[in-house]
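Q: I would like a close look at one part of this model, the annotated site, and then at the side-chain packing and backbone details elsewhere in the chain. Please keep the account connected.

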Amino acid sequence: MASSLRLVALALFLFSLSFCFEIEGHPNYGDALAKSFLFFQGQRSGRIPSGQKISWRSNSGLSDGSAVNVDLTGGYYDAGDNVKFNFPMAYSTTMLSWSVIEYGKRMHKQLANARAAIRWSTDYLLECSSSVPSRLYVGVGEPNADHKCWERPEDMDTPRNVYWVSPDKPGDKPGSDVAGETAAALAAASMVFKKADKEYAKKLVATAKKVMDFAMKYQGRYSDSLGGAVCPFYCSYSGYKDELLWGAAWLYRVTNDVKYLSYLKSLGANDVPDIFSWDNKYAGAYVLLARKIIVGKDSSFELFRQQAENFMCKILPDSPYSSTQYTPGGLMYKMSSANLQYVTSISFLLSTYGKYMMPFGHTFNCGNLSVNANTLRKLAKRQVDYILGQNPLKMSYMVGYGPRYPQKIHHRGSSLPSIFTYPNKIGCQDGFRYLNSGNPNPNMLTGAVVGGPDGNDAFPDDRNDYARSEPTTYINAAIVGPLAYLVGSYG
């Protein structure tokens with residue numbers, strides 16, 4: 001009898017556990033959305049505020065900027081390392097802000113957490129943009145030295161070199177790409193704070209204008225100026241024209257200044273991408289600008305609408321123009337390294353373009369395939385559902401979500417004992433025994449979305465396999481919008 005009661009109790013527990021992660025057959029998008037913001041707390045650099053829920057983290061990088069007598073504390077570590085790369089950080093900030101702009105009303109009580117995640121970055125980006133005239137700081141930390149160590153942010157003793165772009169860099173190639181993305185981030189964030197903090201929003205817009213002027217006037221790739229400080233980690237592979245288009249599109253969205261309208265139209269829409277990422281912004285710019293014709297009925301943006309829809313035709317699996325591979329389990333597969341960054345970013349564009357189309361019954365064709373808003377949104381939902389566990393392995397690729405998720409993520413702070421449980425310093429080389437350990441990470445980086453499975457839906461859960469097991473800010477930032485959309489649609 002006692003044995004039967006235990007079995008019944010176990011069954012009830014398992015049922016209740018499954019309900020926590022599913023609502024009427026759908027993943028619990030609200031739970032995933034809440035956890036996605038916790039991840040950003042785990043990536044914080046600087047002085048950790050009271051009320052931090054990722055409680056195993058503490059202060060780090062408190063002297064950042066001191067080498068050039070500027071306060072550059074704050075901001076985010078980009079991934080599983082302890083370097084602040086502003087190029088992907090600014091992109092993550094733009095995507096978080098765009099998520100709030102489009103889906104903030106669906107976030108409900110998570111809206112405050114979204115604003116906090118954005119402001120942690122914009123406070124830092126403002127310092128990078130305003131501290132010295134005609135100089136834009138673009139990173140802190142010596143990446144090559146950092147990647148030779150495995151240590152907690154709280155222990156790091158590698159050089160905290162400071163990098164910047166300016167007109168006096170060799171060859172007058174100061175960094176239109178990182179400047180254009182920083183301008184986009186500040187401009188988009190200004191819309192997030194327009195009602196919540198008007199003075200802060202004004203400061204963001206004013207700074208965005210200055211940084212965008214810099215990007216437009218002194219054109220060139222920042223990786224040509226900075227070399228090994230950013231390459232091969234975050235080289236500007238796609239060049240800088242996409243960031244000029246992206247930055248001008250955001251400044252026009254925020255200010256309605258014809259200066260930016262004229263500029264972005266002079267840049268045109270000649271690239272035909274099948275990807276959207278921290279490096280390549282063309283597709284995002286096309287979708288943002290296509291809104292002007294679909295929602296605003298401004299026919300002068302027709303070229304951008306065509307390019308946005310050409311992009312969608314390269315993504316949709318049934319399109320005769322598709323250039324996107326899918327795994328047997330149905331996941332978009334663009335790259336072998338950190339593939340989920342492309343999945344989340346593209347899913348954001350699918351959801352958002354569908355949002356623009358829906359009220360107007362807008363449709364378009366990919367050859368003989370007719371595409372409506374639901375076509376795009378269903379594909380985005382399928383990608384998010386896959387990430388949250390509806391896949392051949394029944395594994396969630398968001399840490400802490402669902403009954404099964406990665407246990408050995410490639411992340412220094414998560415894999416090393418917390419400073420609160422082991423206060424003694426763990427040196428640069430001593431930490432590698434934790435990297436190479438077969439044990440699960442001792443600290444849960446809740447909400448972190450890792451690089452994801454391979455092209456055959458396989459995932460080894462190996463800490464040394466950074467291509468699949470490392471989380472990044474730009475993977476997470478892009479999934480926020482689709483999650484918020486799905487919260488509003490499926491509760």
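In which loop does Glu470 lie?

A: The model is predicted. Glu470 lies in the loop between helix 17 and helix 18, the latter spanning 473–490. With a relative accessible area of 14%, under the 20% limit, Glu470 is buried. Leaving aside residues up to four places away in sequence, Glu470 touches Ala79, Gly80, Asp81, His410, Val449, Val450, Gly451, Asp465 and Ile475.

One of those contacts, His410, shares an annotation with Glu470: in the unreviewed UniProt entry, "active site" covers His410, Asp461 and Glu470. These residues span 61 residues in sequence, yet no two of their C-alpha atoms are more than 10.1 Å apart, so they gather at one spot. Of the annotated residues, His410 and Glu470 are included in the lining of the largest pocket.

Asp461 sits in the loop between helix 16 (432–435) and helix 17 (466–469). Asp461 has 14% relative accessibility and therefore counts as buried. Its contacts, again without residues up to four places away in sequence, are Pro406, Gln407, Lys408 and Ser469. With Lys408 there is also a polar approach: the backbone nitrogen of Lys408 is 3.1 Å from a polar atom of the Asp461 side chain.

Helix 18, which follows the loop of Glu470, also takes part in the aromatic packing. The whole structure holds 28 aromatic pairs. One of them joins Tyr29 and Tyr490 in a tilted arrangement, with 6.1 Å centre to centre and 50° between the planes. This pair links distant parts of the chain, since Tyr29 belongs to helix 2 (residues 29–42) and Tyr490 to helix 18, 461 residues apart. Tyr29 counts as buried at 2% relative accessibility, whereas Tyr490 is partly exposed at 33%.

Another pair, Tyr353 with Phe364, is edge-to-face, with 6.4 Å between the centres and 65° between the planes. Here too the pair links distant parts of the chain: Tyr353 is in helix 13 (residues 340–357) and Phe364 in strand 8 (residues 364–366), eleven residues apart. Tyr353 has 0% relative accessibility and is buried. Phe364, at 5%, also counts as buried.

Ring pairs also build a cluster made up of Tyr91, Trp98, Tyr103, Trp246, Trp250, Phe276, Phe348 and Tyr485. Tyr103, a member of this cluster, has Lys355 over its face, at 5.5 Å from the ring centre. A charge lies over a ring at Trp120 as well, where the charged end of Arg44 is 4.4 Å from the ring centre.

Ser121 is in helix 4 and is buried, with a relative accessible area of 1%. Apart from residues up to four places away in sequence, Ser121 touches Tyr76, Met89 and Thr93. The contact with Thr93 is polar, side chain to side chain, at 2.6 Å.

Some backbone details remain. Helix 4 (111–130) and strand 4 (136–140) are joined by a loop that contains Ser134. Ser134 has phi near 60°, a positive value in a residue other than glycine. At 51% relative accessibility, over the 50% limit, Ser134 counts as exposed. Ala338 also has a positive phi without being glycine, near 50°. Ala338 is found in the loop between strand 7 (332–333) and helix 13, and with 11% relative accessibility Ala338 counts as buried. Finally, the peptide bond from Cys231 to Pro232 is cis, with omega near 5°. Pro232 is in the loop between helix 8 (222–226) and helix 9 (241–255).

To return to the annotated site: His410, Asp461 and Glu470 carry the "active site" annotation in the unreviewed UniProt entry. Asp461 is buried in the loop between helix 16 and helix 17, and Glu470 is buried in the loop between helix 17 and helix 18. Glu470 touches His410, and both line the largest pocket.

How values were computed: Residues numbered from 1 in each chain as written. Predicted model: local features only at pLDDT ≥ 70, side-chain atom pairs only at ≥ 80, totals over all residues. Heavy atoms only, no water. UniProt positions renumbered as here; feature names shortened; annotations may be inferred. 1 Å grid on protein atoms, 1.4 Å probe; cavity = no way out; pocket = protein on both sides within 12 Å on 5 of 7 lines; lining within 4 Å. Helix = DSSP H or I, 4+ residues; strand = E, 2+ residues; numbered from the N terminus. Buried < 20%, exposed > 50% of the residue type's maximum accessible area, 1.4 Å probe, protein only. Contact = heavy atoms within 4.5 Å. Polar contact = N/O pair within 3.5 Å; in protein donor to acceptor, adjacent residues only side chain to side chain. Phe/Tyr/Trp six-rings, centres within 6.5 Å; stacked < 30°, edge-to-face > 60°. Lys NZ or Arg CZ within 6 Å of the ring centre and 35° of its normal.
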